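These exercises are meant to be worked with the structure open beside the text. Try each task before reading its solution.

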Amino acid sequence: MQPTYLHDYQPPAYRVTHTELKFDLSSSATRVTARLHVERHPAHQDAGALPLVLNGEQLTLKRIAVDGEELEADEYAQDDATLTVHRVPESFLLDTEVEIDPAANTALSGLYQSSGMFCTQCEAEGFRRITFYPDRPDVMATFSTTVIGDRATLPVLLSNGNPVESGELPDDRHFVTWEDPHPKPSYLFALVAGDLKKVEDRFTTQSGRDVTLQVWVEEENLSKTDHAMASLKRAMKWDEETYGREYDLDLFMIVAVNDFNMGAMENKGLNIFNSAAVLTHPHTATDAAFQRVESIVAHEYFHNWSGNRVTCRDWFQLSLKEGFTVFRDQSFSADTNSAPVKRIEDVSMFRTAQFAEDAGPTAHPIRPDHYIEIGNFYTLTIYEKGAEVVRMLRNLLGWELFRRGSDLYFERLDGQAATIEDFVGCMSEVSGLDLTQFMHWYSQAGTPEIDAHGEYDYAKSEYHLTLRQRTAPTPGQPDKVALHIPIRMGLVGTKSGQDLKMTVDGESVGTDTVIHLREYEQHFVFTDLAEAPVPSLLRGFSAPVKLRFPYGREDLAFLLQHDSDGFNRWDAGQRLAMLALEDLIAAHRNGVEKVMDVRVVEAFRTLLTGETDDKAVLAEMLTLPSEAYIAEQQPVVDVDAIHAARTFVKQSLAYALRDEFMAVYRANQLDAPYAPEPQQIAARSLKNVALSYLVAIEDEEALSLAQAQFDADHNMTDVRSALTLLTHSSRNDLADPALRAFGEKWSHDPLVMDQWFSIQVTRPQADALDRVKFLMEHPKFSLKNPNKVRALIGAFASNRVNFHRIDGAGYRLLSDVVIELNKLNPEIAARLVTPLTRWQRFDEARQELMKAELERIRAEDLSPNVYEVIEKALA
Ligand code: B3K
Ligand code: ZN
């Protein structure tokens, strides 16, 4: 399996200006007729004769003609991935007809069937499973698509753009023709056909155009569409007000499908969503799910400009659309909900999962330079680190210049396939900033680590700060350059508890400033300080780096109280908890008695009893670092010691502060009808965090509060929280009846059943693995449905103590599933195997067990997706 390299990029030999498609739908024999209007690409005008090479996989060719002339067998050649026409004119019409088998498509890439409906997923390279085509993003054409299907079973026939014609056909069939006037790459093509119902609304754009909005779902889900529709309208308005971006068709459609590899897909005018990313109801979806739906609806909508109007030249530029669009959706969610909590949640996830990716064998730059299977590069690095880099650009330029750069980018590159240089170039052009060094963020993999040291010189009233950066080698990149790292910071006076005015090189820089680390080592001197400070560094997580500073516990307790930056207040609490956890991990390993750090108890007491105007942030502050995050900080991960230490901290806090937690729980009970609005969400999360501490000590009163909360059945957030606490306790006598009742009540609802599966297999008790095996036989489980695989197998792999069982049974279970899925759905299989690829992080015994499972997978006949991941993991 040969890699594709960025440096091999060539413009296509031929481009397609217009694409006419006709689909005659049938489960196992769909006919796709295509007429492509093809012309020689100007870049190859003088190149002499060039064959036409089209992509095509799993297609049965029935007919091929150039300008109406059928081709003889020797005029073209076909292999399992391409079709080559040896001689073609400068400009011509290519007609093909192929047969495909949607019912057999378990990979869910191309045209497939889900719950009886037909739908497509073409990004990145799925269109080639639909028809022969130059399936690359720099070929952009207008599309005209006719969909033919049974009137009774497929009453709704959708594609991109606007419907222009429809009618009856013989044999109880009917058709609809769609036209999309905006040139687009094939990966944005979409088709949906099924027995769907819609809810409809309208949006008037800033220039006064009327847009029809539709959300299409199965009939039983009609009551679960309000939030998605409201989110869509908010996103449309936000993008007009914030980025000046207006929608450009008369119709915008969202369709919910049950079988989908990712969250959603931004196809032009016809977004296709995993039902989990669109359907919500107070009784079936948690607050987190409501927020996720809002952000994914916004993300896909924002792609209409950052992705569709301006698309990617090639797939190495994927972060051009994904990093920018994630940054846009993060900003939207921050504006719509609690901005500090959004940042804390995003950074928390980032520092756990993206840092782990950067430190593992599949580490890659935001712009990789080669891949075997592009489907493996829809990663946290491309998406989230890409967004962090755009955020740094926004901060370097300031909002106004950044917006000007964004305007220039959309204007200059509209209708084109662009590169990361085009984007950064616009930012540099409007600001006059030299971003040459900054560009290394795109090409260098790995997480920069910064070691910071500071000293206060009492005699001179100066603070000296030294910063050193280093990025550890990553596969294929042994040597690393120094990056341009913007570090937002303040100096908090130890006497006043206030941010001090800072002076650098004789210039006053205010109380909150950005210092720029560009060398491997740099020294900063702050003069004329009124008092000794504690530094508050990397405020707001101003760069995606690990920053170490030898804070004492008093310093951290001080920052937790006084830092003016909410994010760093939270981070100080996390660092303080980490110091305590590290001691306890060591104690556990050495068999020494565990002693709780009273400073953590006192910090929590202050948080629980103090005044707060932001309950959502308080809930975050009361949340201990996750086991996965703690593991990231350890040189060798000891899953059992981490679990024991974290449980000990949680229980110690609960014993010491039982009444305080109880008071917070009781003070945050809500009577109002459920609404997914920030204040209610904040109260619920605070209440449920408090309850989680109380249940951690299996306090009888707390258990009955959890039981009562479950029985009250007020909303899914509270019900799920209570059910999780009961299930994760040792009290099977309470957990089992609750699980049974829940499972029976919701057996008809796949999205709720996903939650039911996850809750059970994430319990810390030793029977988790047996439960996975048992639940894999459950009638509602299916390996063919990616949501079910994530809910059961993916969730189990996040259950650290049980997945990493020392007998290796957790690893074996995962690899068995990966082997099975490699045949059914390679994209999902390659993602699922990730936890095994992190074997280097564990003790020797576990390393051997994990590697043995990877070897066992390697011995199979592997898809390119799984092959690429396994080879990297075992390299
Ligand atoms: N662009 C799609 C992701 C497609 C992944 C294909 N394997 C969703 C998104 O990022 O909006
Ligand atoms: Zn995206």
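## Exercise 1: A hairpin and its neighbours

S2 and S3 form a hairpin with five residues between them. The model is a predicted one.

**Task.** Find how S2 and S3 pair, and in which sense S3 pairs with S9.

**Solution.**
Step 1. Strand S2 covers residues 14-24, and its pairing with S3 is antiparallel, over ten bridges. To check one position, take Leu21: its bridge partner in S3 is Ala34.

Step 2. S3 also pairs with strand S9 (residues 91-100), in the antiparallel sense and over ten bridges. Here Glu39 stands opposite Ser91 in S9.

Step 3. Strands of a sheet pair through backbone hydrogen bonds, in either a parallel or an antiparallel way.

## Exercise 2: The two faces of S3

**Task.** Sort the residues of strand S3 (residues 30-40) into a covered and an uncovered face.

**Solution.**
Step 1. Recall the rule: side chains of a regular strand alternate between the two faces of the sheet.

Step 2. Read off every second residue. Thr30, Val32, Ala34, Leu36, Val38 and Arg40 make up the covered face of S3.

Step 3. The residues in between, Arg31, Thr33, Arg35, His37 and Glu39, make up the uncovered face. Two residues from Exercise 1 can now be placed: Ala34 is on the covered face and Glu39 on the uncovered one.

## Exercise 3: The whole sheet

**Task.** Write down the strand order of the sheet that holds S3, and name its edge strands.

**Solution.**
Step 1. The sheet is open and has eight strands, in the order S6-S5-S9-S3-S2-S12-S15-S14. Its pairing is mixed.

Step 2. The edge strands are S6 (69-70) and S14 (162-169), each of which pairs on one side only.

Step 3. At the S6 edge, strand S5 (residues 60-66) pairs with S6 in the antiparallel sense over two bridges. Ala65 stands opposite Glu70 in S6.

Step 4. Compare with the record. An unreviewed UniProt entry lists residues 49-188 as "domain: Aminopeptidase N-like N-terminal". In the model this span is 0% helix and 53% strand, with its end C-alpha atoms 30 Å apart.

## Exercise 4: Unusual backbone geometry

**Task.** Which peptide bond is cis, and what is the phi of Leu538 and of Asp713?

**Solution.**
Step 1. Start from the expectation that most peptide bonds are trans and that most residues other than glycine have a negative phi.

Step 2. The bond from Glu123 to Ala124 is cis, with omega near -5 degrees. Ala124 lies in the loop between strand S11 (117-121) and strand S12 (141-150).

Step 3. Leu538, not a glycine, has a positive phi of about 60 degrees. Leu538 sits in the loop between strand S32 (533-537) and strand S33 (546-548).

Step 4. Asp713 has a positive phi too, near 55 degrees. Its loop runs between helix H17 (700-712) and helix H18 (716-727).

## Exercise 5: Buried or partly exposed

**Task.** Are Leu538, Asp713 and Leu723 buried or partly exposed?

**Solution.**
Step 1. State the cut-off: a residue is buried if 20 or more other C-beta atoms lie within 10 Å of its own, and exposed if 12 or fewer do.

Step 2. Leu538 has 23 other C-beta atoms within 10 Å, so Leu538 is buried.

Step 3. Asp713 has 14 C-beta neighbours inside 10 Å and therefore counts as partly exposed.

Step 4. Leu723, found in helix H18, counts as buried because it has 24 C-beta neighbours inside 10 Å. Leaving aside residues up to four places away in sequence, Leu723 touches Phe710, Ala738, Phe742 and Ile759.

## Exercise 6: Around ligand 1

**Task.** Which residues come nearest to ligand 1, and which elements give two or more residues to its shell?

**Solution.**
Step 1. There are 13 residues around ligand 1, and Glu123, Met262, Met265, Gly375 and Tyr378 come nearest.

Step 2. Strand S20 (264-265) and helix H2 (287-302) are the elements that give two or more residues to the shell.

Step 3. Sorted by class, the shell has five nonpolar, three polar and five charged residues.

Step 4. Link this to Exercise 4: Glu123, among the nearest residues here, is also the residue from which the cis bond leads to Ala124.

How values were computed:
Residues are numbered from 1 along each chain as its sequence is written. Chains are lettered from A and ligands numbered from 1 in the order in which they are written. This is a predicted model: local features need pLDDT of at least 70, side-chain atom pairs count only at pLDDT 80 or more; totals for chains, interfaces and linings use all residues. A residue is near a molecule or strand if its C-beta atom, placed from the backbone, lies within 6 Å of it. Helices (H or I, at least four residues) and strands (E, at least two) are DSSP runs, numbered from the N terminus. Ala, Val, Leu, Ile, Met, Phe, Trp, Tyr, Cys and Pro count as nonpolar, Asp, Glu, Lys and Arg as charged, and the others, Gly among them, as polar. Two strands pair if DSSP finds at least two bridges between them. UniProt positions are given in the numbering used here, feature names are shortened, and annotations may be inferred rather than shown by experiment. Two residues are in contact if their C-beta atoms, placed from the backbone, lie within 7 Å.
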